[in-house]
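Q: I have a protein model in front of me and would like to learn how to read it, one feature after another. Could you take me through it?

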Amino acid sequence: MTDSCDGGCADSADKSIAMPLHRTRGSGGFASVFTIPKMDCPSEESMIRMAVSAIDPSVALEFDTPNRKATVFHGDNFAPIQAAIENLGLGATVDDTRPIDGEDFSAAVTSAQATNSKEAGVLKWLLAINALMFGVEISIGWVAQSTGLIADSLDMFADAAVYGLALYAVGHSAQMKLRAAHFSGWLQMILALGALSEVIRRFIFGSEPLSMLMMSFGLLALIANSLCLVLINKQKDSGVHMKASWIFSANDVIANLGVILAGLLVALTGSRYPDLVIGFVIGLIVLNGARRILQLKS
């Protein structure tokens, strides 16, 4: 590409993104808006918070999950923040970066931090629900010989791990937080690989999944996820942050419905293959989530 415009034909959006960021906190700061196509539930939001706060714990964020947007309020450190978000593998791109003067910047940061504080209580409930369902589903999945339930339990574990890390991050150093994140990621990867190997083992040596247990506890997991989404929905005070996020928590809901459908097909056909297929698919989803966590960098 050649440049023949002598600087006169660049659009305003490009100028705002490329502008030099040299401003101290005392004189205000900057608001950078990102489009993040793969941000579809609070788990991804928590990953973004961890990545950004590893760069600067004082940075404030606002999320518009339905529109896949995140706004970062920051000082003179745009480049590392941009790199941290892009390295998560969520397809993030920068829409705009604009300066905000002193009082407006302080007000925006205060508002974002107040929202974050309210979310801490919700995160504790989400952590408890997902951790409980992980224990229930993996136990019943083993008894029911259902790789679908076992893999779905790991999806619950993945969510619990991210919520737990988001809470752990408060008051800890960036390096300690990164170590915790990587530990969670490796544990999640080991469990996911274990679930996938179990699918392969049962494909080769056979299994007899109990369809009634699959459908019953798949339904229980669906109810648990619905409760989580109700709790999330209560925090949409501004009408923007986490607004209608239940619509976009598709992975969890689809996984639960997949287990229920697989249980029904097992009952109707007498075949173990529907259970093996849903177990394999959910295992791959959890494995991809572990990969994203392990991409977090200091």
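A: Let us begin with a term we shall need: helices and strands are DSSP runs, at least four residues for a helix and at least two for a strand, numbered from the N terminus. Please keep in mind throughout that this is a predicted model.

Q: Which elements does the protein have, and how do they run from the N terminus on?
A: The protein has 10 helices and four strands, and from the N terminus on they run α-β-α-β-β-α-β-α-α-α-α-α-α-α.

Q: What is the average pLDDT of the protein, and which helix has the lowest mean?
A: The average pLDDT is 77, with 75% of the residues scoring at least 70. Among the elements, helix α1 (residues 12-18) has the lowest mean, 37, while helix α3 (residues 78-86) has the highest, 90. Over residues 1-25 the pLDDT is below 50, and this stretch has 33 contacts in the model beyond near neighbours in sequence. Residues 236-248 also stay under 50, with 36 contacts beyond four places in sequence.

Q: How should I read the sheet, and what is the order of its strands?
A: As a general idea, strands of a sheet pair through backbone hydrogen bonds, either parallel or antiparallel. In this model, four strands form an open sheet in the order β2-β3-β1-β4, and the pairing is antiparallel. Because β2 (60-64) and β4 (93-101) stand at the edges with a single partner strand each, one side of each is left without a neighbour in the sheet. From one strand to the next, the twist averages 20 degrees.

Q: How many bridges join β2 to β3?
A: Five bridges join β2 to strand β3 (residues 69-74), and the two run antiparallel. You can follow the pairing residue by residue, since A60 has F73 as its bridge partner in β3, and L61 has V72. Although β2 stands at an edge of the sheet, this strand is mostly covered, with four of its five residues buried.

Q: Where does R68 lie, and what does its side chain reach?
A: R68 lies in the loop between β2 and β3. The hairpin of these two strands has four residues between them, and R68 takes a positive phi near 55 degrees there. The side chain of R68 reaches the backbone oxygen of M39 at 3.1 Å. Notice, too, that R68 and A92 are 24 residues apart in sequence, yet their C-alpha atoms are 9.4 Å apart in space.

Q: How do I read the interior, and which residues have the most contacts inside the largest nonpolar core?
A: In soluble globular proteins, nonpolar side chains tend to be buried together. Here the largest nonpolar core has 30 residues, and those with the most contacts inside it are L126, L149, M156 and I282. At least two residues of this core come from each of α4 (102-143), α5 (147-168), α6 (174-205), α7 (211-233), α9 (250-269) and α10 (273-294). Apart from this core lies another, of 26 residues, among them M39, V52, V59 and V162.

Q: Which residues does I282 touch?
A: Leaving aside residues up to four places away in sequence, I282 touches G148, A151, D152, D155, A255 and V259. For the protein as a whole, buried residues make up 49% of the 298 residues.

Methods:
Residues numbered from 1 in each chain as written. Predicted model: local features only at pLDDT ≥ 70, side-chain atom pairs only at ≥ 80, totals over all residues. Heavy atoms only, no water. Pairing = 2+ DSSP bridges. Axes fitted to C-alpha atoms, helices over the stretch in contact; angles between N-to-C directions. pLDDT = per-residue confidence, 0-100. Contact = heavy atoms within 4.5 Å. Polar contact = N/O pair within 3.5 Å; in protein donor to acceptor, adjacent residues only side chain to side chain. Core = buried A, V, L, I, M, F, W, Y, C linked by side-chain atoms within 4.5 Å. Buried < 20%, exposed > 50% of the residue type's maximum accessible area, 1.4 Å probe, protein only.
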